[in-house]
Amino acid sequence: VALVISLLMAKHQGQSPGYLVLVLQAWLVQAWPPQYTEHTLNMQCWFLSCLVLYWGLFRILYRLVSGMKLSAALGTLLALFLLPWLIVFAPLVEGLDIHWYQSHIFGHTEHSIDLLVVFLKFNPLVYLHVFVAGMLLGRLRSLLSGMQGVEFAIEGFAFIGYLGLLLLFFVPQARLPAGKLSARLSVLMPLQSMILMGLAGLEGSPAPKLVRVVSSLNFLESYSYAVYVNQFICWHLWSTEQAGVLFFIFLAGFAACAVHLVQRPAESLLRKSSQMVLLLLPVVMTVLLVVLNGLLPEPIGGSGLPEFSKLGEGIADARLPIRADGLERSVLINPSLSFGPHEIVLVA
């Protein structure tokens, strides 16, 4: 439903994606090809592509993880904690700028560095280690259960983890190197793991004190997915670019309606459906999106000028793909070009 609403909004704004992008989204594989990932509808839902892969691998990974002893589980978890640091150390070893990724501007895929940045930011393979680490934490909950003194230590894990994250985010001297990419690739996973272990507690033990205090808020978990899916739909429907308290009230109300009118009825229906029906859903979604994209007209707007027009012999008017370096939205008016024997130079 959110995908259809996003398509209708995109068509209204004259920004609908191509048919291939719609097919990729219908099959939840939009995060795989980097040249399309940042041009999708409801772009924040790229992680659903990751979940499809992880669900497919779950049985295999579960057999591997469930048979691990304590030393193997801890060793593997430590290796996964260190893996994301390659994004920091690899450029340093090569003598490159660790902020190399900042040359990428959202939506651009002209250069190989653009494709690499999009791959690292969204591709499901890049986050597989996070999923495996979560399974290892579940295994450790079982292995550590009953060990003397461990339960007391686990109680403090969440506090330490939250404190560490607060220091990293609010103390400039403690900030991560290449933070915008390294944090995304989970170099903070040790602290995040401490929070998860501290809140989950050990298998067979009473829930930690903090969990018992906030347990009355557990009902909110059923609304989090609706907020995740609909947040940018609400943003585009909002009348101003300022997101104050009223916007979040609107978002919460929209998400609540989505849960009760769409999500819960769909969950109930799918539980009663056969596997064949589930496999047909992406086919139906593909047909629906393609047909809507073909039937709905694009709005007439803009200057109406063509991208290229030949005015005479040796004279042409062209729209140039030039932007100011480092700016996502920029306009360059009446540029002056110098034509050399082997290059074209932008003068002003």
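# Exercises on a predicted model

W46 is buried, and Y127 is buried as well. Both residues belong to a predicted model, and they return in the first exercise.

## Exercise 1. An aromatic pair and its cluster

Task: Determine how the rings of W46 and Y127 are arranged, and where in the chain the two residues lie.

Solution.

Step 1. A pair of aromatic rings is described by the distance of the centres and the angle of the planes. For W46 and Y127, the centres are 5.4 Å apart and the planes make an angle of 50°.

Step 2. Planes under 30 degrees apart count as stacked and those over 60 as edge-to-face, with the rest called tilted. The pair of W46 and Y127 is therefore tilted, at 50°.

Step 3. W46 is found in the loop between α3 and α4, whereas Y127 is found in the loop between α7 and α8 (128-143), so the pair ties together parts that are 81 residues apart in sequence.

Step 4. W46 and Y127 also belong to one aromatic cluster, together with F47, Y54, F122 and F131. In total, the structure holds 14 aromatic pairs.

## Exercise 2. An aromatic pair within one helix

Task: Classify the pair formed by F250 and F254, and state whether F250 is buried or exposed, or falls in between.

Solution.

Step 1. The ring centres of F250 and F254 are 6.1 Å apart, with 65° between the planes; this pair is edge-to-face.

Step 2. F250 and F254 are four residues apart in helix α15 (residues 245-271), so about one helical turn separates them. An α-helix has 3.6 residues a turn, so residues three or four places apart point the same way.

Step 3. F250 has a relative accessibility of 29% and counts as partly exposed. F254, at 23%, also counts as partly exposed.

## Exercise 3. A salt bridge

Task: Identify the partner of E38 in a salt bridge, and describe the surroundings of both residues.

Solution.

Step 1. Side chains of opposite charge can pair when their charged atoms come close. E38 forms a salt bridge with K121, and the closest N and O atoms are 3.8 Å apart.

Step 2. This pair links distant parts of the chain, 83 residues apart: E38 lies in the loop between α3 (34-37) and α4 (47-66), and K121 lies in helix α7 (residues 112-122).

Step 3. Buried means under 20% relative accessible area. E38, at 5%, is therefore buried, and K121, at 18%, is buried too.

Step 4. The count of salt bridges comes to one.

## Exercise 4. Nonpolar cores and a surface patch

Task: Describe the largest nonpolar core, and then locate a nonpolar patch on the surface.

Solution.

Step 1. The largest nonpolar core has 20 residues, and W46, I87, W100 and L181 have the most contacts inside it. Helices α4, α6 (86-93) and α7 each supply at least two of its residues. The largest share, four residues, comes from α7.

Step 2. Leaving out residues up to four places away in sequence, W100 touches I87, P91, I113, L116, V117, L120 and L181.

Step 3. A second, separate core of 19 residues includes V65, L144, I154 and M189.

Step 4. In soluble globular proteins, nonpolar side chains tend to be buried together. Nonpolar side chains also appear at the surface here: a patch of about 880 Å² is made by W27, M276, L279, L280, V283, V284, V287, V291 and L295. Among them, L279 lies in helix α16 (residues 275-295) and is exposed, at a relative accessible area of 52%.

## Exercise 5. The surroundings of helix α1

Task: Find how many residues of helix α1 are buried, and which elements these buried residues pack against.

Solution.

Step 1. Helix α1 (residues 2-12) is mostly covered, as eight of its eleven residues are buried. These are A2, L3, V4, S6, L7, M9, A10 and K11.

Step 2. The buried residues of α1 pack against α2 (19-26), α14 and α16.

Step 3. H236 lies in helix α14 (residues 221-237). Apart from its neighbours within four places in sequence, H236 is in contact with M9 and Q13. H236 and S6 are 230 residues apart in sequence, and their C-alpha atoms are 9.5 Å apart in space.

Step 4. H236 is partly exposed, with a relative accessible area of 48%. Just after α1, G14 takes a positive phi of about 70°.

Terms used. Residues are numbered from 1 along each chain as its sequence is written. This is a predicted model: local features need pLDDT of at least 70, side-chain atom pairs count only at pLDDT 80 or more; totals for chains, interfaces and linings use all residues. Side-chain values use heavy atoms; hydrogens and water are left out. Buried means under 20% relative accessible area, exposed over 50%, partly exposed in between (1.4 Å probe, protein chains only). Contact means heavy atoms within 4.5 Å. A salt bridge is a side-chain nitrogen of Lys or Arg within 4 Å of a carboxyl oxygen of Asp or Glu. A nonpolar core is a set of buried Ala, Val, Leu, Ile, Met, Phe, Trp, Tyr and Cys residues joined through side-chain atoms within 4.5 Å. Patches are made of residues with over 30% relative accessible area and no salt bridge: like charges are joined within 9 Å, nonpolar side chains (Val, Leu, Ile, Met, Phe, Trp, Tyr) within 5 Å. Accessible areas come from the Shrake-Rupley method with a 1.4 Å probe; for residues, only the protein chains shown count as cover. Rings of Phe, Tyr and Trp (its six-membered ring) pair if their centres lie within 6.5 Å; planes under 30 degrees apart count as stacked, over 60 as edge-to-face and the rest as tilted.
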